[in-house]
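Biologist: I have the sequence and the model open side by side. Can you walk me through the packing?

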Amino acid sequence: MHVRDLRYFVTVAEELHFTRAAERLFVSQPALSKQVRMLERRLGAPLFERDRRGVRLTPVGAALLPHARRVLAEWDTAWAAVERARSEQRSTLVVGMSTSPGRGGLLPAIRSRFSAAHPEATVNLRQAGWEDVTAGLADGTADVAFVWLPVPGPGRFTWVVVAEEPRLVAMAETHPLAGRETVDFAELLDEPFLALPESAGPLRDHWLATDARGGSPPRIGAEIAGTDETYEALADGRGICLVAEGNVPLICLEGVVARPVRGLSPSRLAVARRSDDHRRLVLDYLHACEQVAGRPSQF
């Protein structure tokens, strides 16, 4: 039995909906259904009841669920330990990112200073989905990471702010406000917004600008978990979204425009580490970030 099969089972059990589970797992719904059926055949019993009313766990599925969760938790812990050991053994630093840090040569400048101190070290870039706002720091699959602030559980992480950028509003070019040079945020309060997954926590609130709404709850037009999804949702007119100035070229392709917004604080891109990780490679990478950004580390 593969760990993947247990992960598929647990995700379906949590969602009780095959399509939503497939979206979380980044697989197609037919492929997910096939793997679950194969797992059921190996176990010799159905795990889910499927009918027009929905999806429910069978008694066998309910019995398996807590054990499957423990197995996955142990495996994730083991995998993180292996990744840390491999990184230390090979002098490899894994840099997580969920957004492009290529702002005015930022990444090459950091790497140049880091490589001067550690010419033997290998730097591997690891792309993370938007559902993990720590870009691999929380689960140990990254040693340092480019993250947008705020991050959940700030006491767990130390960071250096490497860029501050205004938040612009992106929208379809057919939107009534698209012809304006600048937009007041008050004009956007009733608009449907594209939102990060709820797992993004305070970062979801930041990109919905809840602090500038005066207590008025945002309207959610759709949830997004990647650049392509965001562009498609904007182009389809399912909502608008706030975007950091440096990310505008990634989002504003054919049919989508971005406009400056008055009344919002800037966004902050940081390079972060786990506060209890004091390995020399990790500390020197953040020191290189401090040199490039001209800023001290923050908590």
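Biologist: Which strands does helix 7 lie across?
Modeller: Helix 7 (residues 227–235) lies across strand 7, strand 11 and strand 12 (256–262). Helix 7 runs at about 55° to strand 7. Axes are lines fitted to C-alpha atoms, for helices over the stretch in contact, and angles run from 0 to 180 degrees between N-to-C directions. Helices (H or I, at least four residues) and strands (E, at least two) are DSSP runs, numbered from the N terminus.

Biologist: Before we go on, what kind of model is this?
Modeller: This is a predicted model, in which local features need pLDDT of at least 70 and side-chain atom pairs count only at pLDDT 80 or more, while totals for chains, interfaces and linings use all residues. Residues are numbered from 1 along each chain as its sequence is written, and side-chain values use heavy atoms, with hydrogens and water left out.

Biologist: Back to the strands. What is the order in the open sheet?
Modeller: The order is 8-12-7-11, an open sheet of 4 strands with mixed pairing. Two strands pair if DSSP finds at least two bridges between them.

Biologist: Which strands stand at the edges?
Modeller: Strand 8 (183–184) and strand 11 (241–244). Each has a single partner strand, so one side of each is left without a neighbour in the sheet.

Biologist: And how many bridges does strand 7 make with strand 11?
Modeller: Strand 7 (residues 167–172) pairs with strand 11 in the antiparallel sense over 4 bridges. L168 stands opposite V243 there, and A170 has C241 as its bridge partner. With strand 12, strand 7 also pairs in the antiparallel sense, over 5 bridges; V169 is partnered by R259.

Biologist: How many residues of strand 7 are buried?
Modeller: 6 of its 6 residues, so the strand is mostly covered. Buried means under 20% relative accessible area, exposed over 50%, partly exposed in between (1.4 Å probe, protein chains only).

Biologist: What does I251 touch?
Modeller: I251 lies in helix 8 (residues 248–251) and is buried, with a relative accessible area of 5%. Not counting residues up to four places away in sequence, I251 touches A170, T227, T230, Y231, L234, V243 and V256. Contact means heavy atoms within 4.5 Å.

Biologist: New topic, rings. How many aromatic pairs are there?
Modeller: The structure holds 6 aromatic pairs. One of them is F18 with F48, edge-to-face, at 6.0 Å centre to centre and 75° between the planes. Rings of Phe, Tyr and Trp (its six-membered ring) pair if their centres lie within 6.5 Å; planes under 30 degrees apart count as stacked, over 60 as edge-to-face and the rest as tilted.

Biologist: Where do F18 and F48 lie?
Modeller: F18 is in helix 2 (residues 18–25) and F48 in strand 1 (residues 48–51), so the pair ties together parts that are 30 residues apart in sequence. F18 is buried at 9% relative accessible area, and F48 is buried at 3%. Ring pairs also link F9, F18 and F48 into a cluster.

Biologist: Why is the pair of F185 and F193 edge-to-face?
Modeller: Because their planes are at 65°, with the ring centres 6.4 Å apart. F185 is buried at 4% relative accessibility, and F193 at 0%.

Biologist: Which charged end sits over the ring of F193?
Modeller: That of R213, 4.6 Å from the ring centre. A charge sits over a ring if NZ of Lys or CZ of Arg is within 6 Å of the ring centre and within 35 degrees of the ring normal.
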